[in-house]
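New to this one? Take a moment to turn the model around, then read on for a short tour.

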Amino acid sequence: MSIFTPTNQVKLTNVAVVRLKSCGKRFEIACYKNKVMSWRNNVEKDLDEVLQTDTIFTNVSKGQVAKNEDLKKAFGTENKTEICTKILSKGELQVSEKERNQQLESSFREIATVVADKCVNPETKRPYPVGVIERAMKDIHYSVIPTRSTKQQALEVIRQLKETMPIERAQMRLKLILPSKDAKRIKEKLKPLLSTIDSEDWDMDLEIVCLVDPGSYRDIDEVIRVETKGRGSLEVLNLKDIHDADG
């Protein structure tokens, strides 16, 4: 894709257009493909590596440059760096229908991969293949939301899939050390957060090995930290308690 801008005769190639509407006007900037998302994810820090030109357009493909008075009204400044930064942060990346479909397909598979990595069949304690999760997502007609992160959508997919198939988050295996003086009281507080207690060992302190839902980890950590005033501890023995194919 090549675009000529008649106002300055600069040929823009490999263009990604980011568009932002403000005060009833459309403003566009010309960026390098693959750089916009890198900048938004804080991978690329140099604005010059993202922008093909610091010119702000009303229409990049036609080379129509925005008027300074319109910029001042819409952004409160004529500083091109500030305006480009705002458009990059809040604007909509323009892509072709083919590119959009490719992005959606890629995101769909990424979400399925995250779900497969985080979950197991509760009956077998084994993870599902990514392909099985993809088919299940299609069966519930899940649509990717481009503005939401893969992790956020994966958690939503898990919630929806629970209604149609046996699936649950893989449990974390933890070892908790509770000071003997307050162990019984703290254990009662922790009980609602623990899925399964595998073992309890009283020595000087109470040592508990248990399985928990990953979503409960922070709450358990906080209870131990606050209730033991730093005298207790929490150790992750296994991030995912699963049975592999040979188990």
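What follows is a walk through an aromatic pair, some helix packing and a handful of single residues.

Keep in mind that this is a predicted model.

**The aromatic pair**

A pair of aromatic rings is described by the distance of the centres and the angle of the planes. Here the structure holds one such pair. The ring centres of Phe 27 and Phe 75 sit 5.2 Å apart with their planes at 65°, and since an angle over 60 degrees counts as edge-to-face, that is what this pair is called. The two partners come from distant parts of the chain: Phe 27 belongs to strand S4 (residues 25-32) and Phe 75 to helix H3 (residues 68-75), with their positions 48 residues apart in sequence. Are these two buried or exposed? Both Phe 27 and Phe 75 are buried.

**Helix H5 and its partners**

Two packed helices are described by the angle between their axes and the distance between the axes. Helix H5 (residues 97-118) packs with helix H6 (residues 130-139) at about 120°, their axes being 8 Å apart. That angle makes H5 oblique to H6, and the crossing of the two is right-handed. On the H5 side, the contact is made by Phe 108, Arg 109, Ile 111, Ala 112, Thr 113, Val 115 and Ala 116. H6 brings Val 130, Ile 133, Glu 134, Met 137 and Lys 138. Sorted by class, this contact of H5 with H6 has eight nonpolar, one polar and three charged residues.

H5 also meets helix H7 (residues 150-161), where the axes come within 9 Å and cross at roughly 65°. The crossing of H5 and H7 is right-handed. Which residues of H5 meet H7? They are Glu 110, Ile 111, Val 114 and Val 115, and across from them in H7 are Thr 150, Gln 153, Ala 154, Val 157, Ile 158 and Leu 161. The contact of H5 with H7 divides into seven nonpolar, two polar and one charged. Ile 111 and Val 115 turn up in the contact with H6 and again in the contact with H7.

**A few single residues**

Here are some residues side by side, with where they sit and how accessible they are.

| Residue | Location | Relative accessibility | State |
|---|---|---|---|
| Asn 121 | loop between strand S8 (119-120) and H6 | 12% | buried |
| Asp 48 | helix H2 (residues 47-50) | 62% | exposed |
| Asp 201 | strand S11 (residues 196-202) | 42% | partly exposed |
| Cys 23 | loop between strand S3 (15-22) and S4 | 48% | partly exposed |
| His 141 | loop between H6 and H7 | 67% | exposed |

Asn 121 counts as buried because its relative accessible area is 12%, and the cut-off is under 20%. Setting aside residues up to four places away in sequence, Asn 121 touches Arg 126, Tyr 128 and Pro 166.

Asp 201 is in contact with Leu 206 and Glu 207, leaving aside its neighbours within four places in sequence. Asp 201 and Ile 177 are 24 residues apart along the chain, and their C-alpha atoms are 9.6 Å apart in space. As for Asp 48, its C-alpha atom is separated by 9.7 Å from that of Thr 81, 33 residues away along the chain.

Where does the backbone take a positive phi in a residue other than glycine? Cys 23 has a phi near 55°, and His 141 has one near 60°.

Key: Residues numbered from 1 in each chain as written. Predicted model: local features only at pLDDT ≥ 70, side-chain atom pairs only at ≥ 80, totals over all residues. Heavy atoms only, no water. Phe/Tyr/Trp six-rings, centres within 6.5 Å; stacked < 30°, edge-to-face > 60°. Helix = DSSP H or I, 4+ residues; strand = E, 2+ residues; numbered from the N terminus. Buried < 20%, exposed > 50% of the residue type's maximum accessible area, 1.4 Å probe, protein only. Axes fitted to C-alpha atoms, helices over the stretch in contact; angles between N-to-C directions. Parallel < 35°, antiparallel > 145°, perpendicular 65-115°, else oblique. Left-handed = near helix turned anticlockwise from the far one by under 90°. Contact = heavy atoms within 4.5 Å. Nonpolar A, V, L, I, M, F, W, Y, C, P; charged D, E, K, R; others polar.
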